[in-house]
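Me: Got a two-chain model open here and I'd like to talk through how it's put together. Can you take a look with me?

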Amino acid sequence: MTIEKTKNGTELCLSIAGRLDTTTAPELEKELKDSLEGVTSLILDMGKLEYISSAGLRVLLSAQKIMNRQGEMKLRNVNETVAEIFEVTGFTDILTIE
Amino acid sequence: MSENNHTDGLFTIELTGRIDSGNAAEVETDILSRLNGQNVKAIVLDASALDYISSAGLRVILRLKKTWKDLTIENVNPDIYETLEMTGFTEMMTVKKAYRVVSVEGCEVIGEGFNGKVYRIDKDNVVKTYKNADALAEIQHEREVARLALILGVPTAISYDVVRVGDSYGSVFELLNAKSFSKLLAKEPDRYEFCVREYVQMLRKIHSITVPQGKLPSVKEKVLKQVTRTAEQLPKELGEKLVSLVRAVPESDHMIHGDYHTKNIVLCGDEVLLIDMDTLSVGHPIFELFRMYNAFVGYSEYDPEIVLNFQGYPAETARRFWHDSLSAYLGTTDEARIKDVEDKVRCVSYGNLIDWITRHPTGDEAKDEATRALWKSELVELLGRLDSLEFDLPGEEAFDPDRLELDALSENLDRVLDFVNERLEGADCPPKTQMQINIAIEEIFVNIAHYAYAPGTGRMSLTVKLSGDPLEATFIFVDRGKPYDPLKKEDPDITLSAEERQIGGLGIFMTKKIMDRMDYAYRDGQNILTLVKKL
């Protein structure tokens, strides 16, 4: 997994590529923990995300909880297979997918 | 034209140049004068230097045959063979074709063993040459055992032709773009894991084969002779102990390669083949393992350059490869267990090596003496504390190539997924299904890794089976941890808002959604979880 970061004022965009699984999820968790302070808009670009397991979903859920308190979180370019995982797990209802 | 070798009444007569109506009478007189008054029982006509023979010449041979029934023509070139065949000579007497002559000058040496070298003669073919004067018998033996191994299920190459190479003979094999594992390990370090896996899988395959009685020699007798000679160089008591330890190793009718190092396993395209079959035998795996230890570590314990020169990779790589292969072969990462088996193996190794260097001095006496002293001290140390060479062999199920056994640690996730994906890719599984299966496998594996043995750790296995029409993939997870039935776990409420939702509980839920079937059983202290997915 690779994470590309772009910050514009209080807006933060993270492009996540590759696999978000048990092995890599802690990296994303750390990235969010280190950079969410003061952020009011978080955009996660999932265009190059190929795979997500429950470890990845957990990180997304806790990011959503943080952003509910300090602004908003949006997911972009979610591919069909990842979207299906969100659907099955009810994440479609709690995440904002553009 | 000349004759030689009249021991036992066998006369070899060389026919040279042209034999036609111009000189046939002269040739005949010459031959008869040489045989006259001798006790001739059999005649061999060596035709290797014969360029042409006319009907006048053939009549000379017929008259010889009338007097001496036992007449053979050898080394006949293709043109003359055709003449002999047309005239019916090949039915009247034994006619042996000449061996094709192959030159290996300037050819790349792709392998070298104690008994000869292997050269690449063109893109698709290699020739194995033999140092031994009795090469033909050796070639014949190797062909026979290679054929037997192939029939019994070992992927191997069989020579299709015997040729002359200089003063000796060689056997020709078709090996398309073959690369030995030694070369892979030396030149492509990123294929290390691949080499270990394939090397061990082939080893298990060989050892799983039962050989019909009498087809292959038992390796134990040979080793017993070697250690008996070594015993004479040891203090009496230790020498006796060495011999009795080896004698106590049980006989076995399972196949042993006998020289299983990385030069003897080659990659041809994507096929892995075993070569150099002349040491094929039956016996307990310890007799295979000690030769492996020697090749990777033993021979070069005093001088690490030896393995670099022979295998092409450094001593550290050789030692690591030996350790990792033994670990995979035994199906354990328990270092204490690996060490225990290694010590038993080393005991036989030194028993063999000390005898070997005594009988094959290198010419550098001081070095030989130092090497032998090192091996002796190691052997004495081992004999002081070992009371048996027996160890638990991996069970039959460990030989199943569709079963992976490893430590239940989340660091091993990639190994598990690689193992699963290799099998799915072989079955043309659609990418989306493969991804879903990956998720399910990850969830279950990580669950076992985190909870089954917590706070400690333990082993688990995964078996992957593909069967049925339409094709179904079955995944069986087995661990010996706390009894835990994931099917009894309550599903998370997926209608709750983000704030209300708990972090966790999703993995099992997703697995249930993804898989077509899930079964759980607790038997003999084992959690057995079976997942089925239609492909």
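Reply: Sure. One term before we get to the sheet: two strands count as paired if DSSP finds at least two bridges between them. Also keep in mind that this is a predicted model.

Me: OK, so in what order do the five strands of the open sheet in chain B come?

Reply: The order is β17-β18-β19-β21-β20 in chain B, and the pairing is antiparallel.

Me: Which strands stand at the edges?

Reply: β17 (403-407) and β20 (517-523) of chain B do. Each has a single partner strand, so one side of each has no neighbour in the sheet.

Me: And what's the twist from one strand to the next?

Reply: It averages 15°.

Me: How many bridges join β19 to β21 in chain B?

Reply: Eight, between β19 (residues 472-479) and β21 (residues 526-534) of chain B. To pick out one position, Val478(B) sits opposite Ile528(B) of β21(B).

Me: Which strands does helix α16 of chain B lie across?

Reply: α16(B), residues 431-452, lies across β18 (459-467), β19 and β21 of chain B. Its direction is at about 10° to β19(B).

Me: At what angle does α15(B) cross α16(B)?

Reply: Roughly 145°, with the axes coming within 10 Å. The crossing of α15(B), residues 413-426, past α16(B) is right-handed.

Me: Which residues make that contact?

Reply: From α15(B) they include Leu413(B), Val416(B) and Leu417(B), and from α16(B) they include Ile437(B), Ile441(B) and Phe445(B). By class, the contact of α15(B) with α16(B) has nine nonpolar, three polar and one charged residues.

Me: Switching helices: how do the axes of α10(B) and α13(B) cross?

Reply: They come within 8 Å and cross at roughly 70°, with α10(B) spanning residues 286-296 and α13(B) residues 335-359. That makes the two helices, α10(B) and α13(B), roughly perpendicular. α10(B) passes α13(B) in a right-handed crossing.

Me: Who meets whom there?

Reply: Among them, Leu289(B), Phe290(B) and Tyr293(B) on the α10(B) side, and Val345(B), Val348(B) and Leu353(B) on the α13(B) side. The class count for α10(B) with α13(B) is seven nonpolar, three polar and two charged residues.

Me: Last topic, the two chains. How many residues are in contact?

Reply: 18 residues of chain A touch 22 residues of chain B.

Me: Which element gives the largest share on the chain A side?

Reply: α2(A), with eight residues. The elements giving two or more residues on that side are α2 (54-70) and α3 (80-88) of chain A.

Me: What's the make-up by class?

Reply: The side of chain A that touches chain B has five nonpolar, 10 polar and three charged residues.

Note on methods: Residues are numbered from 1 along each chain as its sequence is written. Chains are lettered from A and ligands numbered from 1 in the order in which they are written. This is a predicted model: local features need pLDDT of at least 70, side-chain atom pairs count only at pLDDT 80 or more; totals for chains, interfaces and linings use all residues. Two residues are in contact if their C-beta atoms, placed from the backbone, lie within 7 Å. Helices (H or I, at least four residues) and strands (E, at least two) are DSSP runs, numbered from the N terminus. Ala, Val, Leu, Ile, Met, Phe, Trp, Tyr, Cys and Pro count as nonpolar, Asp, Glu, Lys and Arg as charged, and the others, Gly among them, as polar. Axes are lines fitted to C-alpha atoms, for helices over the stretch in contact, and angles run from 0 to 180 degrees between N-to-C directions. Angles under 35 degrees count as roughly parallel, over 145 as roughly antiparallel, 65 to 115 as roughly perpendicular and the rest as oblique. A crossing is left-handed if the near helix is turned anticlockwise from the far one by less than a right angle, and right-handed if clockwise.
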